[in-house]
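Here's a quick briefing to read alongside the model. Have the viewer open and follow the topics in order.

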Amino acid sequence: IADFIRAGTSGIKAVRPDANIMVHIAKWWKPDFAKAFFQTMKDLDLRFECIGLSYYPTMIGNPACNIFAQTLEVLSEVSTSPICIAEYGYPSSTPKGQIWYMNKQLSEYPFTPEGQKEWIVDFLSYCHKHPRIIGAFYWSPEMYLEPSSAKAFPKATGCACNMPLNFGWAPMALFNGEGQAKIGANAFSY
């Protein structure tokens, strides 16, 4: 994988020498994997400017916060690169469909629009205070389509809806089935 990433970064740098490269892994819930992966990339002399992580705490529930903190800590042992949360999200209702497994509610944050907003506010506050985290990006806030709204999409827009109707991202989105912002979208003003 290091050779594959190196080839991609080489191509990017050939076109844009000043580009910053982020290497992103999804397995935030496995601190040992994260440490081993980035140590291996370092040992193989893969050059990048930023570590990217995903973070979806409802994959594992209440232990998520501690495990995420452990991952950030072990990454500090192998790299001084800044960390970017390349994607994160929290649901406003119980996830179903293809993301059904993201249904482990954190005790302090109910699966409600208010719980979603409070989690985002608290998570961004955590990120802002963490000395290594340089940014965080909410993943697919606009992907609110549910089967009922997806059926109305072609009529409203004149375009076909190619989204799989059972994907189930609507609870994670920051918009409801009518395309109106949920209160979680207000979390970014804090």
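Before getting to the packing, one term: two residues are in contact here when heavy atoms of theirs lie within 4.5 Å. Keep in mind that this is a predicted model. The chain has 5 helices and 4 strands, and along the sequence they run α-β-α-β-α-β-α-β-α.

**The chain as a whole**

- Of the 190 residues in the chain, 42% come out as buried.
- About 10,400 Å² of the chain is exposed, and carbon and sulfur atoms make up 57% of that area.
- Take the contacts with a separation of 6 or more: 73% of them link residues 24 or more positions apart.

**Helix α4**

- Does the length of α4 add up, and what span should we expect for residues 113-129? At 1.5 Å a residue, its 17 residues should cover 24 Å, and the end C-alpha atoms sit 25 Å apart, which agrees.
- The buried residues of α4 are Gly 115, Gln 116, Lys 117, Trp 119, Ile 120, Val 121, Phe 123 and Cys 127.
- Those buried residues pack against β2 (50-55), α3 (64-78), β3 (83-88) and β4 (133-138).
- As background, residues three or four places apart on an α-helix point the same way, because there are 3.6 residues a turn.

**The nonpolar core**

- The largest nonpolar core holds 45 residues, and Phe 38, Leu 53, Tyr 55, Ile 85 and Trp 119 have the most contacts inside it.
- At least two residues of this core come from each of α1 (2-15), β1 (22-25), α2 (31-43), β2, α3, β3, α4 and β4.
- Which residues does Phe 38 touch, leaving aside neighbours within four places in sequence? Its partners are Val 23, Ile 25, Phe 48, Ile 51, Leu 75 and Val 78.
- Trp 119 shows up twice in this story: it's one of the buried residues of α4, and it's among the core residues with the most contacts.

**The largest pocket**

- The largest pocket has a volume of about 250 Å³.
- Its lining comes from 14 residues, and Tyr 55, Cys 65, Leu 106, Tyr 109 and Trp 119 are the ones nearest the centre.
- α3 and α4 are the elements giving two or more residues to that lining, with α4 giving the most, at 4 residues.
- Tyr 55 and Trp 119 lie by the pocket centre and also belong to the core residues with the most contacts.

**Backbone spots to check**

- Most residues other than glycine have a negative phi, which is the background for the next two.
- Asp 45 isn't a glycine, yet its phi is positive at about 60°. You'll find Asp 45 in the loop between α2 and β2, where it counts as partly exposed because its relative accessibility is 44%.
- Ser 140 isn't a glycine either, and its phi is positive at about 50°. Ser 140 lies in the loop between β4 and α5 (147-157).
- Is Ser 140 buried or exposed? It's buried, since its relative accessible area is 11% and the cut-off for buried is under 20%.

**After α5**

- Gly 177 belongs to the segment after α5 and is partly exposed, with a relative accessible area of 22%.
- Gly 177 and Tyr 144 are 33 residues apart along the chain, but their C-alpha atoms are separated by 5.8 Å.

Technical notes: Residues are numbered from 1 along each chain as its sequence is written. This is a predicted model: local features need pLDDT of at least 70, side-chain atom pairs count only at pLDDT 80 or more; totals for chains, interfaces and linings use all residues. Side-chain values use heavy atoms; hydrogens and water are left out. The expected span of a helix is 1.5 Å times one less than its number of residues. Buried means under 20% relative accessible area, exposed over 50%, partly exposed in between (1.4 Å probe, protein chains only). Accessible areas come from the Shrake-Rupley method with a 1.4 Å probe; for residues, only the protein chains shown count as cover. A nonpolar core is a set of buried Ala, Val, Leu, Ile, Met, Phe, Trp, Tyr and Cys residues joined through side-chain atoms within 4.5 Å. On a 1 Å grid over the protein atoms alone, a cavity is a set of points where a 1.4 Å probe fits but cannot get out, and a pocket is an open set with protein on both sides within 12 Å along at least five of seven lines; lining residues have an atom within 4 Å of a point. Grid points are joined across faces, edges and corners, and a volume is the space filled by probe spheres set on the points.
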